[in-house]
Amino acid sequence: MTENSAAVIKRDRLRFTKNKTSSAMILAAIAANALYFVSIYRTDVGNYYYRLFIGASIVYNLVFMLVAFLCSEGVKNYKMGYAYTSIVVGLLQIGRIFYLPREAHETQSTVVGSEHLKVMQDDQFNYVVILLCISAALLVVAGVIGVMKTTTLRKHQAELDKK
């Protein structure tokens, strides 16, 4: 078997297999986001988390998980739009670092019977930033892999249609 025929077989296999790599990466990104979600919302320092912005953040988390799951299913079936959406959602995850975690890390709150405390301590801040970065990286890489595999499959199918 020559290298050329091996490459053709590898491309042809895409027609009969799912893109499990990208799908699994997006599901892992959802898991990292869920850990972020739990870490943020289990914290109770003063009344900082009782604001409209936090309600919007909760809604965003739910929408994020729904969109990411749809992307997981879409890239599994070689849908280009879902691969691009995965990349965009990954970039939005990076942007999230600069809102809630950074703001909570820089904010002091007065707790009854105590002095001023940071709403988010350094350890928790580092943890949630790492989770958001992991989630973002997984989404972007899954999207890039999805674009590459979908492009390869489309070109291969076009070659087969010509024959």
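Trainee: How many residues does helix 3 have, and what distance does it reach from its first C-alpha to its last?

Mentor: This is a predicted model, and in it helix 3 covers residues 52-76. At 1.5 Å a residue, the expected reach is 36 Å, and the helix comes close to that value. Helix 3 therefore has its count and its reach in agreement with the expected span, which is 1.5 Å times one less than the number of residues. The values asked for are 25 residues and 36 Å.

Trainee: Which residues of helix 3 are buried, and what covers them?

Mentor: To count as buried, a residue must have under 20% relative accessible area. In helix 3 the residues that are buried are I54, S57, N61, F64, A68, C71, S72, G74 and V75. What covers these buried residues includes helix 2 (20-41), helix 4 (80-96), helix 5 (100-106) and helix 6 (122-162).

Trainee: Which residue with a positive phi follows helix 3?

Mentor: Here we look at the chain after the helix, where the residue in question has a phi near 60°. That positive phi belongs to the residue that follows helix 3, namely Y78.

Trainee: Which residue meets K76 in a salt bridge, and where do both lie?

Mentor: Side chains of opposite charge can pair when their charged atoms come close. For K76, the distance from N to O in the salt bridge is 3.3 Å, and the partner lies three residues away in helix 3, about one turn of the helix. K76 is partly exposed at 23% relative accessibility, and its partner is likewise partly exposed, with a relative accessible area of 30%. Both residues lie in helix 3, and the partner of K76 is E73.

Trainee: How is R102 placed relative to E106 in helix 5, and what is the N to O distance of their salt bridge?

Mentor: R102 and E106 are four residues apart in helix 5, so about one helical turn separates them. R102 counts as partly exposed at 36% relative accessibility, whereas E106 counts as exposed at 55%. Their side chains meet in a salt bridge, and the N to O distance is 3.2 Å.

Trainee: Is helix 2 roughly parallel or roughly antiparallel to helix 6?

Mentor: The axes of helix 2 and helix 6 come within 8 Å and cross at roughly 160°. Because angles over 145 degrees count as roughly antiparallel, helix 2 is, relative to helix 6, roughly antiparallel.

Trainee: What is the handedness of the crossing where helix 2 passes helix 6?

Mentor: Handedness describes a further aspect of this pair of helices. Where helix 2 passes helix 6, the crossing is left-handed.

Terms used: Residues are numbered from 1 along each chain as its sequence is written. This is a predicted model: local features need pLDDT of at least 70, side-chain atom pairs count only at pLDDT 80 or more; totals for chains, interfaces and linings use all residues. Side-chain values use heavy atoms; hydrogens and water are left out. Helices (H or I, at least four residues) and strands (E, at least two) are DSSP runs, numbered from the N terminus. Buried means under 20% relative accessible area, exposed over 50%, partly exposed in between (1.4 Å probe, protein chains only). Contact means heavy atoms within 4.5 Å. A salt bridge is a side-chain nitrogen of Lys or Arg within 4 Å of a carboxyl oxygen of Asp or Glu. Axes are lines fitted to C-alpha atoms, for helices over the stretch in contact, and angles run from 0 to 180 degrees between N-to-C directions. Angles under 35 degrees count as roughly parallel, over 145 as roughly antiparallel, 65 to 115 as roughly perpendicular and the rest as oblique. A crossing is left-handed if the near helix is turned anticlockwise from the far one by less than a right angle, and right-handed if clockwise.
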